[in-house]
4 protein chains.
Amino acid sequence: MKSFRDPVHNLIAFGEEDQLLIDLINTAEVQRMRRIRQLGLSNIVYPGAEHSRFVHSLGVTHLARRFLDEDCAGERTRGAYALREYRQLALAAALLHDIGHGPFSHALEAVTGVRHERFTSAIIRSKETEVHQVLEAYSSGFSEQVARLIEKNFPESRAIVKLLSSQLDMDRTDYLLRDALMTGAGYGTFDVEWLLHVMRIGEVQGEPEIGLDLARGQSIAEDYIMCRYYMYLHVYFHRLTRSAEVLVERTLARAAQVGADLPGFPALRALLQGDLRLAVDGRKNAAEIGSSAITDYLELDDHLLWSALRAFSRHEDAVLADLAQRLLNRRLFHSVDVHSNDEAMMWQARMERVAHKKGLPAHFYVIFDQAGSQAYKDPYVGADEPDPTLEQIYLFDVHGNATELARQSFIVEAVKSRRASVSRVIFPREWLDEG
Amino acid sequence: MKSFRDPVHNLIAFGEEDQLLIDLINTAEVQRMRRIRQLGLSNIVYPGAEHSRFVHSLGVTHLARRFLDEDCAGERTRGAYALREYRQLALAAALLHDIGHGPFSHALEAVTGVRHERFTSAIIRSKETEVHQVLEAYSSGFSEQVARLIEKNFPESRAIVKLLSSQLDMDRTDYLLRDALMTGAGYGTFDVEWLLHVMRIGEVQGEPEIGLDLARGQSIAEDYIMCRYYMYLHVYFHRLTRSAEVLVERTLARAAQVGADLPGFPALRALLQGDLRLAVDGRKNAAEIGSSAITDYLELDDHLLWSALRAFSRHEDAVLADLAQRLLNRRLFHSVDVHSNDEAMMWQARMERVAHKKGLPAHFYVIFDQAGSQAYKDPYVGADEPDPTLEQIYLFDVHGNATELARQSFIVEAVKSRRASVSRVIFPREWLDEG
Amino acid sequence: MKSFRDPVHNLIAFGEEDQLLIDLINTAEVQRMRRIRQLGLSNIVYPGAEHSRFVHSLGVTHLARRFLDEDCAGERTRGAYALREYRQLALAAALLHDIGHGPFSHALEAVTGVRHERFTSAIIRSKETEVHQVLEAYSSGFSEQVARLIEKNFPESRAIVKLLSSQLDMDRTDYLLRDALMTGAGYGTFDVEWLLHVMRIGEVQGEPEIGLDLARGQSIAEDYIMCRYYMYLHVYFHRLTRSAEVLVERTLARAAQVGADLPGFPALRALLQGDLRLAVDGRKNAAEIGSSAITDYLELDDHLLWSALRAFSRHEDAVLADLAQRLLNRRLFHSVDVHSNDEAMMWQARMERVAHKKGLPAHFYVIFDQAGSQAYKDPYVGADEPDPTLEQIYLFDVHGNATELARQSFIVEAVKSRRASVSRVIFPREWLDEG
Amino acid sequence: MKSFRDPVHNLIAFGEEDQLLIDLINTAEVQRMRRIRQLGLSNIVYPGAEHSRFVHSLGVTHLARRFLDEDCAGERTRGAYALREYRQLALAAALLHDIGHGPFSHALEAVTGVRHERFTSAIIRSKETEVHQVLEAYSSGFSEQVARLIEKNFPESRAIVKLLSSQLDMDRTDYLLRDALMTGAGYGTFDVEWLLHVMRIGEVQGEPEIGLDLARGQSIAEDYIMCRYYMYLHVYFHRLTRSAEVLVERTLARAAQVGADLPGFPALRALLQGDLRLAVDGRKNAAEIGSSAITDYLELDDHLLWSALRAFSRHEDAVLADLAQRLLNRRLFHSVDVHSNDEAMMWQARMERVAHKKGLPAHFYVIFDQAGSQAYKDPYVGADEPDPTLEQIYLFDVHGNATELARQSFIVEAVKSRRASVSRVIFPREWLDEG
């Protein structure tokens, strides 16, 4: 028996029936998520937002379990039976879905060129990880099922995929609530009790689907979409957060260029010298990623990167040292919003002239940035729909007929037709006076 | 103008009249507090408790400002005038009071042998810190005043000292509320609005004193003391947190013993080789601590220590590597409560035999630990009173007469007469079967 | 000194500077608001929604005072000075703005044919009320100013009118927060701290105006409008609440028709026999309403109406007795939504046939109901704009230029273009099977 | 299916398996509880405290159900099985436990001389109530079982009695949480999630008992006792609330004395002329109370009493009219605390002289009042223990051994040894200057 206290869900307790989850929580790979902040650099703007991917993963597991144990338990439909059958699988996947995230997630992906999802799959499938061993000890072949479920390649049950990864999933539900509480930004809250209460397991084209009750669920669905919209606008795309992310990315790129290294940390060398990218490139599937690349990757955490920035701040390369110092002391680049290509090019040209005058490489000091909800695969707040069949929120009427939320709701329709992307040119604030 | 959103106080905004605070917030030394967790290793038990000393310091400043601007503003007593006179001083001290904390505070102090307060003073007084320069730019001699106030050596106003550092101060008020919210432990909440509402500026022996209204404040004072009691019992003295703290301390001690080092981080070498201790020992006052020691100390943060643990986990010294790995993967030592010296010695002897059998140094594997509120200077929950004149909570009746809380309240009297200390013997869990 | 604890705002304290408010609170007319529920019959659906107009009025006063004392205090603009000048006036008006409400407000207005605002004015101006006497004791002519301010006839300052009664006023702000908390409906919450923080006093066409900061206030304004929209949809227009309101109205109409009376309560007779209407009809202004009509009106409260329903439930007129019993035991009429005139007429005709068959007067059993936000003068959620100059929410940019919210926000624009009205035919549920 | 939104528990939903509860909720007797305020006259002090006994009863039912469905569900002990067996019975009793409360409960009991519990039993057993009929339709003899359970005369299971009515029952748990929220008094909150989490079904002397886990439950038990203590001190025994209760009692007594009546309300006459007392006196058990007495009693609600006070305020008896007016306009009597019999007699004599001088009957104007937690049968906050076997809070260790809370906890021991009673002499405030 293991219980956690949580600022969002109050009590998250695992009893005998969840021994698998307790064993997974005790693995080195899950414990590592304690050292990776959920919101990367957002705490630079919202100083309370220090929460880790570990506590978020517990939250997702808790919500998925509530849905399966409370909501499905009473339903005697085919869909509900199907979902309950995969209870252990769903909960293991909920706990592990973020296990491949590195520190400063988006900045790191820009450096490695490898999306974190590939590492998630590799960590679960690699025979040498504790997570893999626990899953296989539970049931032979279970790790493969978990990996496929997280990869949304689980034809056995599309509903279970949607519970974990869709427009209305337990992942988003937890992170919106958690990020809203921790940032202190008042926009992200919605009534999660009501949301769970009106969730339904229906059918669409003969397949079980997760959705909401049409009569009682439309307003909460709208509220949830609006929260998402505001969290993107005010938190995820915040000017300063993006500025910090861009700065981390350029600092690591410079470190790679000048061959900076931190003795004692082979993982950092693997990152900067492109070994991680090489380990993944050309591999058809995650299982082929070598175990040493996985070992290296798992050493990357917030602490290592911040320590590297500290060491880089004293590097002989003045550019690298300068960039790292800016991050450590929160002297971030300035950004200006641009509304057209011309405007962007004008600002870039102007600032590149300053860089030239100062003898500094413009690539590291003048950056064009486009932050879009597309990067977050969020069609409901304005990005393109990557996978139309998966990316729908259904409302079920009393007869079980499904309608798509955006068709039913003029509010969601209005939000959806807007693009939430922002374009900016980013450069040192003090250059404003010189350009 | 600068505003922060905060999970505890919602909005913390600094306007024109608080430009000094904005400038202080932007210094490297205050920004460094973002990299030091308020609760050190408590997140090992309470995964939500990741908040930094930075956000706590903002909270204390906010509460002190509310008291001065809202409560004092209407009062026309001598005490209220005296407090308002020191508004800027009080707020600067509130923001800076924790600036000398290192990572894993108590464990670090055990290694350096130097209490963090000495570094707080040194950082504020050292001509080379940004904090010092901002304070002096505001008003010549201001840094000395701030340092003295934090050192409780401020005869100009005992009330202002008590506002920041006493049994009922804004420091404790913020950390109890914040730690309770972030841990999710339901015990630590009390009604801070009512507490501020019934705070009074009275007089004791001719000097302005801060206290509470007798008729309306006794219950909130009791509630506040009870919250403190529960937070010690369940959070600050938690078995596993103490176990982790002890393990960090022994790991650093072992690293010092075997001369472990992390190239690129001179601060770590200074810590482990005793340079920090030397820099402080024998100095009569903080101002004499050399600037290079301060520079080194300021580099110590959570990230550096966790990265060092990572490097140590691969060290050739098997003991050091083992201790570090235990911390990284949360395989903490077991602890047994002991209720007498005999019991303690019995357990120590038994486990030292196991250590001997394994050829391991018992000093690093078998630890006798006494956690007491005394370490927290908390006479209200059972420790001795270090400074009777400062450590009293006064209740003022309508005539201005003061009574001490413990005299008035049978509940506080009951809590105060108990010692909240716990004695434990700590050792590897797996040795239980071998001893 | 007087302090109230409040579930919404925690602490509402009145000190020496607010003696006028304390005196007003102690009048019989303000105390009477304790006996009138804010949400009329909504507690039939939301059993927690029992809060009174008294506590709401305290909340509005508290918010207006926070705005004037906290937000305006720092501003040195012409508009801010103008607002502060009217502080006492604004707060008295905030406290008294609902003083003319009767029990079951909308149902009662349907019976009296007199809007509650006329009684508000009359109560404040009548020489015989305690409220009037307190206001005049404060300053001669003050009652007239308060009455004019509440009537929005206060050319001295349009900003102060808007603070109390506009699309973004302290009245709506309190009732949305309070109704949301008390109903337990999760939709109505928004971040009131942020709302107050971003409120601005700007100028539009040379006149001081209240609005929000453009850069920081648009999202909270949208959130506030959306909360309003959801509260209308789920609370104020709730099917069962409307059904109960319609039933009360018809019950009182029947009681008037059959000359029902309740000995000992002259106010009830005045209500049912049309004396209240007569007292008001033809009077040009409120001051002319006779004092006996005011006395009668002030006796009407929730208790009297519910007691009357109890007595009516035993009345010899079977229709009256039946209607009253239905209300007491919560056997409300059923309602069907209709989407066209034809559909409405079809349902009405069908149910009128049942009434005819049963020998019951259709007028009291078959009701066509249109609930619209128009009734609430709410142009932002779909009704017509009654007074375009007053009914705008302005956003001010850094240069002080004002934009109207609906122009700036595609979300508000979308909400505004929808009509939130609902049409229903209401009749006894058991007739469904007979029609 | 029926769901309620609730400010305390958010969502209280009844599904198919709880059709009995839905049917009971729809009875006239349960609906009547909507018209009786949980806290009687406390809203005179705490204006938010308007909540009804109806919503409290829903809350108790909800908590009892959570305990039975969540906590017991996993336990495979004899005690847990026994509890689950009585699920429907326990929930029906939870819903109905307060059904016999009248308006202004304690004041009314002083007038009738009959405790409300006798009416609770009578209402459930009387063949003519809807509640009785619904219970018997569910299962023949069920109403008798429910009545016995509420009367604590249920030898079949002492644990189920304790769940509903003991020192740690769901009744107290709901009312503490609810009263704390609604009054806005910050003292009454405790962590109900943790409380439910650490509740255990153990055995004491061979019988199933409800208690708490020793290791994890002691602090929450202490917190719960402390909340109770503060709620008595600040809410239930509040000087003004007691003053209002005493005034109601005396007003009704005077009305009885002068034969006041309110035409149209036979229930009021039955109350004032002693018919209710006669109907109960001499009856051995509740079943013998005549149905007309029950019918009368069920008509008594807050509305009727307030309307009667309104009518009495115009009564020809000047004393009755004066007392009623004081209540309506909140001009309550003053009270002075007395600490000895002598002091009490001194104040009484002094004020009785004033009464005599004014020609007023002292009995109605000068009242000696003792408010004690004893009246609330609360041995944990200082009253005597009425039934030692029922009134214990057990803590169970891992071996199932039970300890009583007050033995284990020095805090509870300290609270328990204090008597929370307060003695006061109550009289018109303006007499202070005349005596």
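This is a short tour of a predicted model, stop by stop, with something to select at each one.

**Stop 1: chains A and B together**

Start by showing chain A and chain B and colouring them separately. Across this interface, 52 residues of chain B are in contact with 50 residues of chain A. The area buried between chain B and chain A is about 3,900 Å², and carbon and sulfur atoms give 49% of it. Now pick out R5(B), R34(B) and H303(B): in chain B, these lose the most area to chain A, together 16% of what that side buries.

**Stop 2: polar links across the interface**

Next, turn on side chains along the boundary. Between chain B and chain A there are six salt bridges. To see one of them, select E130(A) and R331(B), which form a salt bridge whose closest N and O atoms lie 2.8 Å apart. If you count residue pairs in polar contact between chain B and chain A, with both residues at pLDDT 80 or more, the number is 20.

Which elements of chain B each supply at least two residues of the side that touches chain A? Colour them in turn: β1 (2–6), α2 (28–32), α3 (53–74), α11 (170–183), α17 (291–299) and α18 (302–312). Give α18(B) its own colour, since with seven residues this helix gives the most to the side of chain B that touches chain A. Colouring that side by residue type shows 22 nonpolar, 15 polar and 15 charged residues.

**Stop 3: the axis between A and B**

Keep both chains in view and superpose them. A rotation of 180°, with 0.0 Å of shift along its axis, lays chain B on chain A with an RMSD of 0.0 Å. That is the relation of a two-fold axis. To find this axis from chain B, go to H303(B): its C-alpha is the nearest in that chain, 2.1 Å from the axis. The copies meet through the same surface, because 96% of the interface residues of chain B are also interface residues in chain A.

**Stop 4: chain D**

Now bring in chain D beside chain A. A turn of 180° and a shift of 0.0 Å along the axis lay chain A on chain D, with an RMSD of 0.0 Å. In chain A, the C-alpha nearest this axis belongs to E70(A), 5.0 Å away from it. Here too the same surface serves both copies, as 100% of the contact residues of chain A recur in chain D.

**Stop 5: R66(B)**

Zoom in on R66(B), which sits in helix α3 of chain B. Is R66(B) buried or exposed? It is buried, because its relative accessible area is 18%, under the 20% cut-off. Show E193(B) as well: the side chains of R66(B) and E193(B) make a polar contact at 2.9 Å. Leaving out residues up to four places away in sequence, R66(B) touches D71(B), E193(B) and L196(B).

**Stop 6: two backbone details in chain A**

Most residues other than glycine have a negative phi. Select N10(A), in strand β2 (residues 10–14) of chain A; this residue has a positive phi of about 70° although it is not a glycine. N10(A) counts as partly exposed, at 21% relative accessibility.

Finish at K152(A), in the loop between α9 (142–150) and α10 (158–164) of chain A. K152(A) is not a glycine either, and has a positive phi of about 60°. With a relative accessible area of 30%, K152(A) is partly exposed.

Conventions: Residues numbered from 1 in each chain as written. Chains lettered and ligands numbered in written order. Heavy atoms only, no water. Contact = heavy atoms within 4.5 Å. Buried area = accessible area lost by both parts, 1.4 Å probe. Salt bridge = Lys/Arg side-chain N within 4 Å of Asp/Glu carboxyl O. Polar contact = N/O pair within 3.5 Å; in protein donor to acceptor, adjacent residues only side chain to side chain. Helix = DSSP H or I, 4+ residues; strand = E, 2+ residues; numbered from the N terminus. Nonpolar A, V, L, I, M, F, W, Y, C, P; charged D, E, K, R; others polar. Least-squares fit on C-alpha atoms with pLDDT ≥ 70 in both. Buried < 20%, exposed > 50% of the residue type's maximum accessible area, 1.4 Å probe, protein only.
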